[in-house]
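These are my notebook entries from a reading of one structure, written down in the order in which I looked things up.

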Amino acid sequence: MNAPVDVSFFARAAKPLTSYRPYWAKRFGTAPFLPMSRAEMDKLGWDSCDIILVTGDAYVDHPSFGMAVIGRTLEAQGFRVGIIAQPDWQSAEPFKALGKPNLFWGVTAGNMDSMINRYTADRKIRSDDAYTPGDIGGKRPDRAAIVYSQRCREAYKDVPIILGGIEGSLRRIAHYDYWSDKVRRSIVVDAKCDLLLYGNAERALVEVAHRIAAREPVEQITDVRGTAFVRRPDDETGKGWFEIDSTSVDEPGRVEAHVNPYMTTSEQAAAQGSTCSKDDAPDSVAASAGEISVSGQKDPKSAEPNPAIQPMLFVANPELKAKLKVPPRDKSVIRLPSYEQVKSDPVLYAHANRVLHLETNPGNARALVQAHGEGVTARDVWINPPPIPLTTAEMDYVFDLTYARGPHPSYADENGSHDGATKIPAWEMIRFSINIMRGCFGGCTFCSITEHEGRIIQSRSEDSIIQEIEDIRDKVKGFTGTISDLGGPTANMYRLGCKSPEIEAACRKPSCVYPGICSNLGTNHDPLIKIYRRGRALKGIKKILIGSGLRYDLAVKSPEYVKELVQHHVGGYLKIAPEHTEQGPLTKMMKPGIGSYDKFKQMFEKFSEEAGKKQFLIPYFIAAHPGTSDEDMMNLAIWLKKNGFRADQVQTFYPSPMATATAMYHSNKNPLRKITRDSEAVDIVRGDKRRRLHKAFLRYHDPNNWPLLREALKAMGRADLIGNGKHHLIPTFQPLTDGGYQSARRKNSTPVGQKAEAAKALPSKPMKAGQPQKGRLLTQHTGLPPRVTGSAKPAAPKFSKKAR
């Protein structure tokens, strides 16, 4: 490997994954697939499993699936790992299929949050599930992590339960639950797990597994980063900590008014109900000496001012200053408002959410504690600082493990394939894709990536990535020469990060690219360009597409990268996410202005023309995001029509637990700024009617939406946008329609026959397979235009790795 040496604080702050002595069961070797039945265990020569993983997803042995990564990582440490995938949760019997685990249960709801996986943004039940064979919905329960934990406890009461996955990460403290419209307790309390591992958990899980294997009681494992657990207030293990009230970190006090530059210092202080000691101290001292009365009039007994009376100045004693000790960060814990407080007070909820996001940098984050319950039922949920990110060598170690790169054989049909009725759409989408990095420093308030994976970019080495491309070429059935994606949460953040290790470890900014790109952020795309060129030069590789979302405000910093991308790695279209055009919602999203999109669009079109290619940008937009007014959506609709876009699918804001935008939605406050009782209120789009209106503006071209839009435009005083001219948004006439809008997801979508008829009605030139139609765009992250993915039968992907 020729990976560069990591020099950051994070590379030196944790024990390497490869430094542990393997568990004795390492002698059994590597399993072709982790066993899902007793018969498979017998074939491997196992009498029992050391660890059993329970997941809400079908078991696909691929590094894009969390349970496969966790299972193979534990296997590499020498443990015998079994998997129970999508068990029937109605009783504990299916959880006994592999017998009693020797060490612990590992429980997760799956790659997606179970509630987001099952319900639409309008709280309607989905009929499909991309992580299930046959795309069948209903194979996992609501709040699966809680239900699975309960059944594991019923099956074998004395076996520790270690909870993980994105569902646990997003619910580690008291959180607003969109589906029940209330604040719920920490999942640690509801699931009654012994330990919660949040974020990417390889480092924490390996340490916990070895400590439990060494017979250390799980209740004593309270010092591992990236973990959360319940601790009683009188527990001796909680002694010796310096407790800090969260209000001292970010006090919910009064709002400081903007300073008037034409006011003197004294006038500014007086306007805020205080005095300026520098200006007013002589008066107050003189008044106390009898020279000036309290009323401000000169004392007649004192004809002349006394020059001996001088204002008293207080200066810190430098001798004492040197002796003042700040509590060590590794023994400091911040007490958040209790569950009962945040449940009853939305302002305190927003405050707690803001403090939690301030404490997310592994370099300087402190532990958090939140009380749940009162009296004899009182207990504290402790959250240790985030895990130390993996180094490049550790990322290679995890991704270079012996994955089968396919679904478990038990899902195959009679021909041994995973197509048709047995196809798992999530695997089909990433079948020929490669994950080159983790993390995202964008900090978008609606996105769950930073709450789970963190803001520090964790990148694989170039050799490891090239090796995986060759493995797909040589070993994966059905490969036709096209790599469908070479990316991650964001396509172009590979190897990007802070220029200074010291600044990186101390920074508390929620985003490195908002309101502008930080001057300390490295934006060199050369390592990514090198991988692109080396990858497509490999024998047998016809095309490498980039399917992950692109951060275009970063891309424009490197015209050479944009040229490389556009001329060699775009399969007809490229997806990017401006999300909106108006500053109101963009500031609440922490997204750049539409000007950045325009700049990138110019470069995209220029380099496409130079290459002689007809290619299109597919921009994503969000409707009903906090901070979005009806006028904002109207202006976005005008922009869409002006630019010739018709959105076939739309993304409505989905309040995922713990996201900053969700805190806005629940509290009407803006956690991006200091939270106070009188601080900035955020316009929240609630209620089905207003959410439908915002969605209708995105689909201004749909006749079903015209009656709603006409009514809204008249109420807004913009009836001038109603007419039959090209400059009007919607026409005055109303064709016969079915009066409703259906989601374009499979089984919830327009029937195939109707789609074909609609396509015939649209004048268009014949398009090649895999190319979008000009003027059409799909803005929902769960449905994109069809394209060639390298498989024998191209299929439209139905979901995205980007968790919203």
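**Entry 1: backbone angles**

I began with Q86 in this predicted model, and I asked whether Q86 counts as buried or exposed. Its relative accessibility is 15%, so I wrote it down as buried, the limit for that word being under 20%. I found Q86 in the loop between β3 (81-85) and β4 (104-107), and its phi is near 50°, a positive value in a residue other than glycine.

I then turned to D181, which also is not a glycine and has a positive phi of about 55°. D181 sits in the loop between β6 (175-177) and β7 (182-184), and with a relative accessibility of 52% it counts as exposed, because exposed means over 50%.

Where is the cis peptide bond that I noted next? It joins Y514 and P515, with omega at about 5°, and P515 belongs to the loop between α18 (501-506) and α19 (526-536).

**Entry 2: helix α7**

I looked up helix α7, which runs over residues 202-213 and has twelve residues. From its first C-alpha to its last it reaches 16 Å, close to the 16 Å expected at 1.5 Å a residue. Ten of the twelve residues are buried, and I therefore noted the helix as mostly covered. Among the buried ones I listed L205, V206, V208, A209 and I212, and also the residues E202, R203, H210 and R211. Just after α7, R215 takes a positive phi of about 70°.

I chose V206 for a second look, since it is a residue of α7 and is buried at 1% relative accessibility. What does V206 touch, if residues up to four places away in sequence are not counted? I wrote down L17, Y20, T73 and Q77. The pair V206 and L17 is 189 residues apart in sequence, while their C-alpha atoms are 7.2 Å apart in space.

I also recorded a network of salt bridges that links E207, R211, E216 and D223.

**Entry 3: S459**

I found S459 in strand β17 (residues 458-459), and it counts as buried at 5% relative accessibility. Its side chain reaches the backbone nitrogen of R495 at 3.0 Å. Leaving aside neighbours within four places in sequence, S459 is in contact with T392, M395, I436, M437, Y494 and R495.

**Entry 4: cysteines**

From UniProt, in an unreviewed entry, I copied C440, C444 and C447 as listed for "binding site". C444 lies in the loop between β16 (437-438) and α16 (449-452), and C447 has its place in the loop between β16 and α16. C444 is buried, with a relative accessible area of 9%, C447 is buried at 6%, and C440 is buried at 10%. Not counting residues up to four places away in sequence, C444 touches R551, M589 and K591.

Why does C440 form no disulfide? Its sulfur is 6.2 Å from the closest cysteine sulfur, that of C444, which is too far for a bond, because the two sulfur atoms would have to be within 2.5 Å. C512 is in no disulfide either, the nearest cysteine sulfur being that of C507, 6.1 Å away. C512 is partly exposed, with a relative accessible area of 24%. My count of disulfides came to zero.

**Entry 5: salt bridges**

I reminded myself that side chains of opposite charge can pair when their charged atoms come close. The count of salt bridges came to 46, and I looked up three pairs.

D380 forms a salt bridge with R335, the closest N and O atoms being 3.1 Å apart. This pair links distant parts of the chain, with D380 in strand β13 (residues 379-383) and R335 in strand β11 (residues 332-335), 45 residues apart. D380 is buried at 8%, whereas R335 is partly exposed at 22%.

E468 and R405 meet through their side chains at 2.8 Å, N to O. E468 lies in helix α17 (residues 462-475) and R405 in the loop between α14 (392-399) and β14 (406-407), so the pair ties together parts that are 63 residues apart in sequence. E468 is buried at 5% relative accessibility, and R405 is buried at 10%.

The last pair in my notes is D683 and R690, whose side chains meet in a salt bridge at 3.0 Å, N to O. D683 is partly exposed at 33%, and R690 is partly exposed at 22%.

How values were computed:
Residues are numbered from 1 along each chain as its sequence is written. This is a predicted model: local features need pLDDT of at least 70, side-chain atom pairs count only at pLDDT 80 or more; totals for chains, interfaces and linings use all residues. Side-chain values use heavy atoms; hydrogens and water are left out. Helices (H or I, at least four residues) and strands (E, at least two) are DSSP runs, numbered from the N terminus. The expected span of a helix is 1.5 Å times one less than its number of residues. Buried means under 20% relative accessible area, exposed over 50%, partly exposed in between (1.4 Å probe, protein chains only). A polar contact is a pair of N or O atoms within 3.5 Å; within protein, one must be able to donate a hydrogen and the other to accept it, and residues adjacent in sequence count only if both atoms are side-chain atoms. Contact means heavy atoms within 4.5 Å. UniProt positions are given in the numbering used here, feature names are shortened, and annotations may be inferred rather than shown by experiment. A salt bridge is a side-chain nitrogen of Lys or Arg within 4 Å of a carboxyl oxygen of Asp or Glu.
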